[in-house]
Amino acid sequence: MSTAAIADEQALLQLANRYAQAVDRRDGDALASLFTVDGGIDRPGSSWRGHDQIRAIVVRLTTLYASTFHTVRNQAVTIDGDAAEGETYSVAMHMMPAGNGPQKRMDMGLRYQDRFVRENGAWLFASRQLI
C-alpha cells in the first residue's frame, strides 16, 4: 500500500472521529463542516440535506438526550481518486434526561454506509446512511 493510500485511509478515519466529536460536543457548525454543501445524513424515517439541516441535528439531540458519547470502531473504505466509499462501525452511549429515579443509559450499535469526496485537498462526507 502506498504512503498516499495510507494517508487517505487515516484521513477518512479521522473524519469519522471528528463526526463523533462534533455530535458529542453538540457543535452544529463543526458537524456541518464535515459534509459537502449538498451532503446528507439518512436513517430510517429521517433525512437531513445541506449544512443548515445537518446543523439542526444537534438541536434535536439536546431535546432527546442529556449527553451522548460516540466511539468509532472499525472502518473499511475503497478509495478511487477523489472519491471513496466505506462502512464505519460505531457504538454510541446515550444518557437519557433525568427524571424521577436513576438516570438511564441507552447504548446503540451503529453502522454507516459512507460516501466521501475530496474537495480542495480535504476529505468530506458526501453522505452517511445509518443502517
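Trainee: How many aromatic pairs does the structure hold?

Mentor: In this predicted model, the structure holds five aromatic pairs. A pair of aromatic rings is described by two quantities, the distance of the centres and the angle of the planes. For Tyr19 and Phe125 the ring centres are 5.8 Å apart and the planes stand at 70°, so this pair is edge-to-face. The pair links distant parts of the chain, since Tyr19 belongs to helix α1 and Phe125 to strand β6 (residues 122-130), with their positions 106 residues apart in the numbering.

Trainee: Are Tyr19 and Phe125 buried or exposed?

Mentor: Tyr19 has a relative accessibility of 8% and therefore counts as buried, and Phe125, at 0%, counts as buried too. Phe125 also takes part in a pair with Phe35, in which the centres are 5.2 Å apart and the planes lie at 35°, so that pair is tilted. Here again distant parts of the chain are linked, with Phe35 in strand β1 (residues 35-43) and Phe125 in strand β6, 90 residues apart. Phe35, at 1% relative accessibility, counts as buried.

Trainee: Which residues form the aromatic cluster?

Mentor: One aromatic cluster is formed by Tyr19, Phe35, Tyr112, Phe116 and Phe125.

Trainee: Where does the charged end of Arg128 sit?

Mentor: The charged end of Arg128 sits over the ring of Tyr19, at 4.4 Å from the centre of that ring. Arg128 also lies over the face of Tyr112, where the distance to the ring centre is 3.7 Å. Both tyrosines are members of the aromatic cluster.

Trainee: Which residues line the largest cavity?

Mentor: The general idea is that rolling a probe the size of a water molecule over the atoms shows where empty space is left. In this model the count comes to one cavity of 30 Å³ or more, and about 40 Å³ of space lies in the largest cavity. Its lining consists of Ala16, Tyr19, Ala20, His70, Val72, Thr88, Ser90, Tyr112 and Arg128, so that Tyr19, Tyr112 and Arg128 return here from the ring contacts described above. By class, the lining residues of this cavity divide into five nonpolar, three polar and one charged. Helix α1 (3-25) and the strands β3 (67-80) and β4 (83-95) each supply at least two residues of the lining, and α1 gives the most, with three residues.

Trainee: What volume does the largest pocket have, and which residues are closest to its centre?

Mentor: The largest pocket has a volume of about 350 Å³. Of the 18 residues that line this pocket, Arg43, Ile57, Leu61, Tyr112 and Leu130 are the closest to its centre. Tyr112 is thus named in the lining of the largest cavity and also in that of the largest pocket. At least two lining residues of the pocket come from each of α1, β1, α3 (50-64) and β5 (105-119), and the largest share, four residues, comes from α3. The lining of the pocket divides into 13 nonpolar, two polar and three charged residues.

Trainee: In what sense do β1 and β2 pair, parallel or antiparallel?

Mentor: Strand β1 pairs with strand β2 (residues 46-49) in the antiparallel sense, over four bridges. Gly40 stands opposite Arg49 in β2. The two strands form a hairpin with two residues between them, and Gly45 in the turn has a positive phi of about 90°.

How values were computed
Residues numbered from 1 in each chain as written. Predicted model: local features only at pLDDT ≥ 70, side-chain atom pairs only at ≥ 80, totals over all residues. Heavy atoms only, no water. 1 Å grid on protein atoms, 1.4 Å probe; cavity = no way out; pocket = protein on both sides within 12 Å on 5 of 7 lines; lining within 4 Å. Points joined across faces, edges and corners; volume = space filled by probe spheres on them. Nonpolar A, V, L, I, M, F, W, Y, C, P; charged D, E, K, R; others polar. Phe/Tyr/Trp six-rings, centres within 6.5 Å; stacked < 30°, edge-to-face > 60°. Buried < 20%, exposed > 50% of the residue type's maximum accessible area, 1.4 Å probe, protein only. Lys NZ or Arg CZ within 6 Å of the ring centre and 35° of its normal. Pairing = 2+ DSSP bridges.
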